[in-house]
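Colleague: I should be grateful for a close look at a single part of this model, namely one helix and the partners against which it packs. Please set it in the context of the chains to which it and its partners belong.

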Amino acid sequence: MEPKKVETGPPALIEAVVRLLTPPACREHVLGDLWERYKSPRQYLKDAMRTVPFVIVSRIRRTSSAPLLAFQALIVFATFAGPPLMPIRTAVSATVAAVAILALRQAYRVDAPSWPKGLAMDALTVSLGAVLFSILSVVLFSKLSVIGTRVDIWLVSALDCGAGAFVLLFCTKVLWATDVAGCPPLRRRVVYLAACAAWATVIAVPVSMFAGFAAGVLMENHIIGGPGVTPENVLFAQAVVAVMSFAPTAAVIGAMSLCAARPRLAFGVLQKTASAR
Amino acid sequence: MNQASIGQFEQVVLTAVLALGDNAYGVTIHGHVEQLSQPKRVSLGAVYATLDRLEDKGFVTSWLSEPTAERGGRSKRHYRLEAAGELALHESAMAAKRICDTVERFWGANAWNPRKWKPARQH
């Protein structure tokens, strides 16, 4: 008869969950210590539940700068509380979500973010999280559906706020860049932000003008306003208005993303244009 | 003179690191801390958080050892008391000694016997 296999370590599934929850920087010794103390799956789970939250909080304390976190929270709150249509609770939800994402992203980071792509990705993740939570707070607490009611106007407003938060968070991260791989000195970072702003203006202004012109044409032909809009095509009209309202903001985000993905190109073209003049 | 002060729990953790010497890592430190803080139970997570704080203050340093099979092929994080930590621990131990001396002067030798000692004023 084959001898019964003696259990010496925790079940693989439970260990995998604990591994996932433990920040990478502490994973090795925390999982090793929990393994060494292992007696039964129940005891392991209890031990992990009394250990991992402390480890996460301690990691957040070590990796996050409280003043910078507070400043970024203020940015998100200000951008989401600004528009008159926005209820204050959406700004609060967005801020709470942003702070949680910022702190956890720092705590679970394995390598330093790259310059400037990593910083743009950070800002994008945080602002998308903020938009998502602000939408959830309205949908869950107002008992409204998002499409086909006045909430769609509010939805575009939330996306605008998210875009504003992205731009401001990106600028903050560029100026306060710490522990960033290949980060240039502050003077060069300020010039980089100026290049970003120039590109945002160059791209957003024509887009904004075109959107305004297109809106005029569509209004004239009663496609998005007036007697032409019937209950059957109201959704289409609302969608067109939403896309046109968001177009300039999307152009700004596109320009910033381009500058983050190809910083040399952003600088190079700008320098060539300046020297040609 | 040491500038940064330490709390009561930090004092217990530093004492455990001092007592364990070369064998000071998460599990052993936690075991020693539980012994010192009896009858209070202490979680492993609280010990980690305190060790992180002490490391940030420069009172202890840590390094990872070679992985071992009895830990599922994982390394131990060893801790060592630094000069600043020794100073801080000495300072707080001196304060504790002064408290002990004062208490003993008022309560006598019974102060250290939990069976014989009773509060002078009971509600």
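**Helix α4 of chain A and its partners**

Modeller: The model is a predicted one. In chain A, the domain assignment distinguishes domain 1 (12-60), domain 2 (65-183) and domain 3 (184-277). The centres of domain 1 of chain A and domain 3 of chain A, taken over C-alpha atoms, are separated by 47 Å. The helix to be examined is α4 of chain A, which comprises residues 52-63.

I begin with its partner in the other chain. Helix α4 of chain A packs on helix α3 (residues 44-56) of chain B, with the two axes 7 Å apart and at an angle of about 20°. Because angles under 35 degrees count as roughly parallel, α4(A) and α3(B) are described as roughly parallel to each other. The crossing of α4(A) past α3(B) is right-handed. On the α4(A) side, the contact is made by A:Val52, A:Pro53, A:Phe54, A:Val55, A:Val57, A:Ser58 and A:Arg62. On the α3(B) side, the contributing residues are B:Gly45, B:Ala46, B:Tyr48, B:Ala49, B:Asp52 and B:Asp56. Sorted by class, this contact of α4(A) with α3(B) holds 8 nonpolar, 2 polar and 3 charged residues.

The contact between the chains as a whole draws 19 residues from chain A and 18 residues from chain B. On the side of chain A that touches chain B, the elements giving two or more residues are α2 (24-36) and α4 of chain A. By class, that side of chain A has 7 nonpolar, 5 polar and 7 charged residues.

As for chain B, its secondary structure consists of 4 helices and 2 strands, and the elements follow the order α-α-α-β-β-α from the N terminus on. The C-alpha trace of chain B spans about 55 × 35 × 25 Å along its principal axes. Its radius of gyration is 17 Å, whereas a compact globule of 123 residues would have one near 14 Å.

The helix also has a partner within its own chain. Helix α4(A) packs against helix α6 (residues 88-107) of chain A at an angle of about 90°, with the axes 8 Å apart. The two helices, α4(A) and α6(A), are therefore roughly perpendicular. Here α4(A) contributes A:Ile56, A:Arg59, A:Ile60 and A:Thr63, and α6(A) contributes A:Ala103, A:Gln106 and A:Ala107. By class, the contact of α4(A) with α6(A) has 4 nonpolar, 2 polar and 1 charged residues.

Terms used: Residues are numbered from 1 along each chain as its sequence is written. Chains are lettered from A and ligands numbered from 1 in the order in which they are written. This is a predicted model: local features need pLDDT of at least 70, side-chain atom pairs count only at pLDDT 80 or more; totals for chains, interfaces and linings use all residues. Domain bounds come from an automatic or database domain assignment. Axes are lines fitted to C-alpha atoms, for helices over the stretch in contact, and angles run from 0 to 180 degrees between N-to-C directions. Angles under 35 degrees count as roughly parallel, over 145 as roughly antiparallel, 65 to 115 as roughly perpendicular and the rest as oblique. A crossing is left-handed if the near helix is turned anticlockwise from the far one by less than a right angle, and right-handed if clockwise. Two residues are in contact if their C-beta atoms, placed from the backbone, lie within 7 Å. Ala, Val, Leu, Ile, Met, Phe, Trp, Tyr, Cys and Pro count as nonpolar, Asp, Glu, Lys and Arg as charged, and the others, Gly among them, as polar. The radius of gyration is taken over C-alpha atoms; the globule rule is 2.2 Å times the number of residues to the power 0.38.
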